[in-house]
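Student: I've got a structure to look at and a few quick questions. Can you walk me through it?
Tutor: Sure, let's bring it up.

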Amino acid sequence: MLRALHRSLCCAGMLLVAVLPVRAQRAAVPAGPSARASRAFAQAQSEGPLALRAFLVRMPKGADLHVHLSGAVYAETFLREAEEDGLCISPATLSVVRKEKTDPQAVACGAGEVPATSVHKDQQLYDRLIDSFSMRTFVPVTGESGHDHFFATFDRFGGVGKQHMGEWLDEVASRAAAQNEQYLELMDTPDYKPAAALAEKIGYEVDLPRYRQDMLTAGLRSGLTPIAKTLDRAEADRRAREHCDSAAPLAGCEVEVRYLVQVLRGISPETDFAQILRGFEL
């Protein structure tokens, strides 16, 4: 009996030794959402790149600021829109050719240009245009940095008109929703030519309050209506594409979008200030 009791106590002692460290270890792990996220992140890291990517895609993200709207649209979108608008492509400069046409369906390409409708039939040209419009396959070389390549793309797809802005808003908002982002702050450059013309007529004044008043008196605010209407149409188009006012809205509707007025600063002082003032009044 004593031997049996001894064996039981030994076993009980061993059980206590085995259990106590585990309980102590569990008690040391903090509870709550942050702790659960930390454990999930560590587990994803241990399981490899695919699990880590799945974790990061689902992870909530706050805001994406200073987003160049046209710079965030995929190159394939611009090529499709150039085809829809009956525009032309310059294989030499790998760019969309901006043309003012009375008949949107007429294709009248100049020497060395090809209709955008034919691009998808030429895989080599199509691939070169995608690379020209974007950072795909870009490798830095002497004389061309990533910065220079990116900012050079805007002139190449700039021939596509802003009547497609609603499509662009839908694309970037839907992509943001898929990446679990909540807020986008998009940069846009409204047409500044009317404001620049007023500024050139008035002439630059160092007295900025007086200069602002002279610009307002000359009719600066009258040029804001077309800009506001363009944004209103684009946002209505986006909401329609995402079914935001229906019983089954798409995820993109949940992404809040606001705007930054972009100012082209490499111009004359009066034009710079006219752009800033136009954005403020807008």
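Student: Which residue in β5 is the bridge partner of histidine 68?
Tutor: Methionine 187. Strand β1 (residues 61–68) pairs with β5 in the parallel sense over five bridges. Two strands pair if DSSP finds at least two bridges between them. Strands here are DSSP E runs of at least two residues, helices are H or I runs of at least four, and both are numbered from the N terminus.

Student: Before we go on, what kind of model is this?
Tutor: It is a predicted model: local features need pLDDT of at least 70, side-chain atom pairs count only at pLDDT 80 or more, and totals for chains, interfaces and linings use all residues. Residues are numbered from 1 along each chain as its sequence is written, and side-chain values use heavy atoms, with hydrogens and water left out.

Student: Back to β5. In what sense does β5 pair with β6, and over how many bridges?
Tutor: In the parallel sense, over six bridges. Leucine 186 stands opposite tyrosine 259 in β6.

Student: Is β5 mostly covered or mostly open?
Tutor: Mostly covered. Seven of the eight residues of β5 are buried. Buried means under 20% relative accessible area, exposed means over 50%, and partly exposed is in between (1.4 Å probe, protein chains only).

Student: What about tyrosine 259, buried or partly exposed?
Tutor: Tyrosine 259 counts as partly exposed because its relative accessibility is 26%. Tyrosine 259 belongs to strand β6 (residues 256–261).

Student: What does tyrosine 259 contact, leaving aside neighbours within four places in sequence?
Tutor: Met165, Leu169, Leu186, Leu231 and Glu235. Contact means heavy atoms within 4.5 Å. With glutamate 235, tyrosine 259 makes a side-chain to side-chain polar contact of 2.8 Å. A polar contact is a pair of N or O atoms within 3.5 Å; within protein, one must be able to donate a hydrogen and the other to accept it, and residues adjacent in sequence count only if both atoms are side-chain atoms.

Student: How far apart are the C-alpha atoms of tyrosine 259 and leucine 69?
Tutor: They are separated by 9.5 Å, with the two positions 190 residues apart along the chain.

Student: New topic, pockets. What volume does the largest pocket have?
Tutor: About 1500 Å³. The closest to its centre, of the 46 lining residues, are Lys162, Asp188, Thr189, Pro190 and Asp191. On a 1 Å grid over the protein atoms alone, a pocket is an open set of points where a 1.4 Å probe fits, with protein on both sides within 12 Å along at least five of seven lines; lining residues have an atom within 4 Å of a point. Grid points are joined across faces, edges and corners, and the volume is the space filled by probe spheres set on the points.

Student: Which element gives the largest share of that lining?
Tutor: α10, with eight residues. The elements that give two or more residues are α6 (146–157), α7 (165–178), β5 (181–188), α8 (193–202) and α10 (224–241).

Student: And the lining by class?
Tutor: 22 nonpolar, 14 polar and ten charged residues. Ala, Val, Leu, Ile, Met, Phe, Trp, Tyr, Cys and Pro count as nonpolar, Asp, Glu, Lys and Arg as charged, and the others, Gly among them, as polar.

Student: Aspartate 188 came up there. Where is aspartate 188 found?
Tutor: In strand β5. Aspartate 188 counts as buried because its relative accessibility is 14%. A 2.9 Å polar contact joins its side chain to that of lysine 162. Not counting residues up to four places away in sequence, aspartate 188 touches Lys162, Met165, Leu260, Val261 and Gln262.

Student: What's the order of the open sheet of three strands?
Tutor: β3-β2-β4, with antiparallel pairing.

Student: Why is one side of β3 and β4 left without a neighbour in the sheet?
Tutor: β3 (95–97) and β4 (114–115) stand at the edges, each with a single partner strand, so one side of each has no neighbour there. Strand β2 (residues 88–90) pairs with β4 over two bridges. Isoleucine 89 has valine 114 as its bridge partner in β4.

Student: Last one. What phi does threonine 137 have?
Tutor: A positive phi of about 65°, although threonine 137 is not a glycine. Threonine 137 lies in the loop between α5 (123–133) and α6. With a relative accessible area of 59%, threonine 137 is exposed.
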